[in-house]
Amino acid sequence: MCGIVGYTGRRQAAPILLDSLSRLEYRGYDSAGLAVRNGAALAEVVKATGKLYHLADKTDQGRALAGCCGIGHTRWATHGDPSIVNAHPHVSGNCSGSGSGAVESDVVGVHNGIIENYTELKEKLLRHGYVFYSDTDTEVAVKLVDYYYKKYKIGPVDAITRTMVRIRGSYALALMFKDYPDEIFAARKDSPLIIGAEDGEAYLASDVPAILKYTRQVYYIDNLQVARVSPGKALFYDLNGDEVEMPLTEITWDAEAAEKGGFEHFMLKEIHEQPGAVRDTLNSIVKDGWVDLSQTGLTEDAIRSIEQIVIVACGSAWHVGMAAQYVMEDLAGIPVRVELASEFRYRSIPISGGTLVIIISQSGETADSLAALRVAKERGAQTLAIVNVIGSTIAREADHVLYTLAGPEIAVATTKAYSAQLIASDVLAIHMARIREKMTAEEAERLLGELALIPEKISRILEEKERLQWFSSKMANTRDIFFIGRGLDYAISLEGSLKMKEISYIHSEAYAAGELKHGTISLVENNTLIIGVLTQKALYEKTVSNMMECKSRGGYLLGITTNGNFDLEDSVNFTVYIPKTDEHFMASLAVVPLQLLGYYTSVNRGLDVDKPRNLAKSVTVE
Ligand code: F6R
């Protein structure tokens with residue numbers, strides 16, 4: 001998973017490429033590189049390890065590289081260490097060392113994705129005299145293009161399509177050919193890539209925010225297509241090399257939405273954007289007090305014929321699925337199972353035409369979720385994607401799509417997309433319950449009314465954030481944290497624990513509160529922090545008892561509960577109150593203090609909140 005960019009036009013390319021890359025750093029940030037060419041001159045390649053500013057420093061903010069056509073890359077290592085030699089761009093020529101400087105190469109390229117059969121292709125190329133200097137699969141792809149280009153004396157488009165037929169895996173490729181100054185050739189399969197063209201200039205990027213500052217006129221290059229990009233123009237070709245027409249789409253989002261907007265970190269900004277994300281998502285599917293899912297194409301007949309639901313997702317999106325399971329089963333009476341996408345794709349879970357597989361994904365590009373979607377479709381299930389990124393691969397391939405309107409999410413740890421997914425799944429549960437006559441119109445109206453109040457209640461929790469900031473400063477050196485809860489509170493605990501560990505690097509686990517005593521409680525010792533989530537009335541006493549079991553073994557207790565449960569203060573060391581709502585929707589409120597706890601703990605520990613180590617925003621590899 002990496003970010004790629006390209007520019008060709010009348011301005012100097014390097015500063016534009018660096019600026020665009022800075023908006024893609026969330027896709028990977030272990031190294032970066034540029035290749036820029038000045039008319040017919042050879043491409044100049046510069047690479048740097050670490051975050052993008054190293055590359056910016058090395059190129060004097062891009063001023064050291066002259067030329068109006070170029071490509072750039074920010075990397076998250078998949079094949080080979082994060083190093084200069086493995087950083088992109090890669091070249092077809094037999095250059096020595098790092099592949100930097102003016103390169104005597106016919107093809108120079110950057111890539112996002114994974115070429116699965118690269119070892120076999122590399123052996124073939126070695127037999128033909130190619131020399132490799134990196135460990136990457138990308139270098140193999142670039143050299144294979146070069147091989148076909150020279151062997152058949154065909155143009156770039158045909159050399160690329162021949163390569164595409166030979167390589168297995170996923171890719172978004174941007175390539176420059178020595179014989180074609182001012183042009184960039186691109187190809188994609190299962191990795192995102194967009195092209196902007198306007199007014200004598202053209203841009204390429206893995207994602208819209210990278211080029212929004214420059215253009216709003218965008219082409220979504222299709223799977224297995226090649227694009228020929230020249231100043232102000234893009235032509236598209238299918239695998240046969242035949243030209244195809246692609247529609248130009250106008251992007252309507254605000255560029256400001258992708259900026260920090262005065263907050264110290266994107267994560268804090270995105271936590272504060274949750275009322276808006278939830279409200280916008282609700283407003284797009286609840287109209288005049290009634291659920292309108294016509295945008296998804298999911299008909300009432302299709303909903304009536306559902307026999308089981310399988311929710312498939314990764315990470316936080318899977319946690320949304322865990323919460324949705326309780327709500328959908330309880331309200332709509334449909335059996336729901338929740339599967340990790342990376343497991344689902346390799347299992348033989350019985351699926352029939354009566355199965356609705358719901359894929360939940362912020363990016364719409366997560367490799368495992370995409371593969372699971374394809375498996376579900378092959379097995380004959382109806383598929384519905386709950387996705388945030390419009391035009392993403394999962395959104396395009398699912399039978400039905402329910403978009404969340406969280407806007408671009410930059411912090412690696414998801415917050416507002418999680419909340420938007422949660423509200424979308426709640427509305428879906430109410431809708432299914434109503435269609436299947438498990439709920440009266442009055443009850444549906446009441447529940448939708450409760451959902452409409454969630455944004456304002458989230459804002460109220462945010463107003464109390466200083467208490468959580470204070471508590472986080474006290475616990476910044478804690479070694480282990482257990483998040484516990486029962487029922488829906490367990491699903492919330494899963495997300496609270498992930499938020500904490502992924503950005504604070506403190507070991508934490510989430511447990512169904514009743515399960516602790518079956519082994520895990522042996523880990524509780526003096527000052528182990530136990531965070532109990534207690535929003536479900538029928539389970540409240542039982543979770544309190546489980547917390548007390550921990551306290552008697554030295555545990556330090558934090559309880560999160562609804563306003564009014566003041567007796568909790570008698571049992572635990574620190575209490576956080578949240579507003580009341582219908583119990584089915586408590587996850588939307590209880591998650592907010594947990595996000596803030598994770599956030600402030602990370603800040604207190606002086607960590608890189610928005611870009612935690614070893615993680616990337618969009619996991620487009622298996
Ligand atoms: C954690 C987080 C990840 C994602 C997961 C799925 O904060 O953001 O666990 O939820 O990688 O990503 P999407 O939703 O893009 O499929």
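Three domains divide this chain: domain 1 runs 3-251, domain 2 runs 259-452, and domain 3 runs 465-604. Bear in mind that this is a predicted model.

Take domains 1 and 2 to begin. Their centres, over C-alpha atoms, are 34 Å apart. How many residues of domain 1 are in contact with domain 2? There are 10, and they meet 12 residues of domain 2. The area buried between domain 1 and domain 2 comes to about 820 Å². Carbon and sulfur atoms give 45% of that.

Now the ligand. Where does it lie? It sits between domain 2 and domain 3, because both domains give residues to the shell around it. That shell holds 14 residues. The closest are Ser 361, Gln 362, Ser 363, Thr 366 and Glu 502. By class, the shell has five nonpolar residues, seven polar and two charged.

On to the polar contacts. I'll go through three residues. Ser 361 comes in with its side chain: an N or O atom there is 2.6 Å from a ligand oxygen. Glu 502 also uses its side chain, with an N or O atom 2.6 Å from an oxygen atom of the ligand. Thr 414 uses its backbone instead: an N or O atom lies 3.0 Å from a ligand oxygen.

How much of the ligand is covered? On its own, the ligand has 400 Å² of accessible area, and the protein covers 90% of it. Which elements give two or more residues to the shell? Those are helix 9, at 315-332, and helix 16, at 488-504.

Last, the backbone. Most residues other than glycine have a negative phi, and most peptide bonds are trans. Two places in domain 1 are worth a look on that score. One is the peptide bond between His 88 and Pro 89, which is cis, with omega about 0°. Pro 89 is in the loop between strand 4 (69-75) and strand 5 (90-91). The other is Lys 153. This residue is not a glycine, yet its phi is positive, about 50°. Lys 153 is also in a loop, this one between helix 4 (137-151) and helix 5 (156-166).

To recap: a chain in three domains, a ligand between domain 2 and domain 3, and 90% of that ligand's accessible area covered by protein.

Technical notes: Residues are numbered from 1 along each chain as its sequence is written. This is a predicted model: local features need pLDDT of at least 70, side-chain atom pairs count only at pLDDT 80 or more; totals for chains, interfaces and linings use all residues. Side-chain values use heavy atoms; hydrogens and water are left out. A residue is near a molecule or strand if one of its heavy atoms lies within 4 Å of it. A polar contact is a pair of N or O atoms within 3.5 Å; within protein, one must be able to donate a hydrogen and the other to accept it, and residues adjacent in sequence count only if both atoms are side-chain atoms. Accessible areas come from the Shrake-Rupley method with a 1.4 Å probe; for residues, only the protein chains shown count as cover. Helices (H or I, at least four residues) and strands (E, at least two) are DSSP runs, numbered from the N terminus. Ala, Val, Leu, Ile, Met, Phe, Trp, Tyr, Cys and Pro count as nonpolar, Asp, Glu, Lys and Arg as charged, and the others, Gly among them, as polar. Domain bounds come from an automatic or database domain assignment. Contact means heavy atoms within 4.5 Å. Buried area is the accessible area (1.4 Å probe) that two parts lose on being put together, summed over both.
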